[in-house]
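Work through these exercises with the model open beside you. Each task is followed by a solution in steps.

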Amino acid sequence: MIPQAKSYYLPQTRSIAVGVILMLVGLAFTFGFIDIHRSLWYNIQFILISFEGVVEFFMSIIMLVFKAGLIIGGYYYIKNATGVERARLDDKGFYYRLIPKGSRYTKIMIDSGPLAFTPYSQIIDFTYKKNFWTGGQLYLTLPSGMLPLIALGVLKDSEKIEIAQQVKAQINTRR
């Protein structure tokens, strides 16, 4: 029995690396294509909002939102480097991070939403497998099928093994 909740976090170095990469990509899209041979007004319009035409105006707004999203997302990862929770175990069930379906933007913001929850009573099997190509990987088997927990791949192998052992112990005690 798990006496209290235990959380597993994204390693701080990876979180900082992701944040720096997001910020650098956002800054590269913002300042990378400045033409030093053009006027200051042209470059400011290129960075912020272009008033050259209707299509350019709407595209510049979309790009501004995209660039700001990358920079803000990078800041979020760096700011919360020690607190990006990927999994949690308690006496009710298993909480875990899923990679969201949808656009690339939703996948970039993987850690902004709540953790998915599955009570131990609904878990059929929980396994840890390690191979040369994927490294250590956790697999959750539910009545709907097997679910690879790819977002938990960044955890240390010792943490993955600990999660698998704890969940298996909970499954066995509830049967």
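**Exercise 1. Follow the pairing of β2 and β3.**

Solution. Start with strand β2 (residues 85-89), which pairs with β3 in the antiparallel sense over 3 bridges. Strands here are DSSP runs (E, at least two residues), helices are runs of H or I with at least four, and both are numbered from the N terminus. Two strands pair if DSSP finds at least two bridges between them. Next, find the partners. L89 stands opposite F94 in β3. R88 has Y95 of β3 as its bridge partner. Finally, look at the connection: β2 and β3 form a hairpin with 3 residues between them.

The model is predicted; local features need pLDDT of at least 70, side-chain atom pairs count only at pLDDT 80 or more, and totals for chains, interfaces and linings use all residues. Residues are numbered from 1 along each chain as its sequence is written, and side-chain values use heavy atoms, with hydrogens and water left out.

**Exercise 2. Extend this pair to the whole sheet, and explain its edges.**

Solution. Step one: cross from β3 to β4. The two run antiparallel and are joined by 4 bridges. Y95 has F117 as its bridge partner in β4. Step two: write the order. The open sheet has 4 strands, β1-β2-β3-β4, with antiparallel pairing. Step three: check the edges. β1 (6-9) and β4 (116-119) each have a single partner strand, so one side of each lacks a neighbour in the sheet. Step four: add the twist, which averages 15° from one strand to the next.

**Exercise 3. Map the sheet that contains β6, then place the helix that packs on it.**

Solution. First, the order: 3 strands form an open sheet, β5-β6-β7, and the pairing is antiparallel. β5 (125-131) and β7 (145-148) are the edge strands; each has a single partner strand, so one side is left without a neighbour in the sheet. The twist averages 25° from one strand to the next.

Now go pair by pair. Strand β6 (residues 135-142) pairs with β5 in the antiparallel sense over 7 bridges. K130 has G136 in β6 as its bridge partner. Helix α5 (residues 157-174) packs on the sheet and touches β5 and β6; its direction makes about 155° with that of β5. Contact means heavy atoms within 4.5 Å. Axes are lines fitted to C-alpha atoms, for helices over the stretch in contact, and angles run from 0 to 180 degrees between N-to-C directions.

On the other pair, 4 bridges link β6 to β7, again antiparallel. Y139 stands opposite P148 in β7. A hairpin through 2 residues joins β6 to β7.

**Exercise 4. Describe the largest pocket.**

Solution. Begin with volume: the largest pocket holds about 240 Å³ of space. Then locate its centre. Among its 14 lining residues, Q45, F46, S50, S60 and M63 are the closest to it. Next, assign elements. α2 (40-47) and α3 (54-79) each give two or more residues to the lining. The largest share, 6 residues, comes from α3. Last, sort by character: the lining has 8 nonpolar, 3 polar and 3 charged residues. Ala, Val, Leu, Ile, Met, Phe, Trp, Tyr, Cys and Pro count as nonpolar, Asp, Glu, Lys and Arg as charged, and the others, Gly among them, as polar.

A pocket is an open set of points on a 1 Å grid over the protein atoms alone, where a 1.4 Å probe fits, with protein on both sides within 12 Å along at least five of seven lines; lining residues have an atom within 4 Å of a point. Grid points are joined across faces, edges and corners, and the volume is the space filled by probe spheres set on the points.

**Exercise 5. Judge the confidence.**

Solution. Take the average: the protein has a mean pLDDT of 86, and 93% of the residues score at least 70. pLDDT is the predictor's confidence in each residue, from 0 to 100. Then compare elements. Helix α4 (residues 104-108) has the lowest mean pLDDT (66), and strand β3 (residues 93-96) the highest (93).
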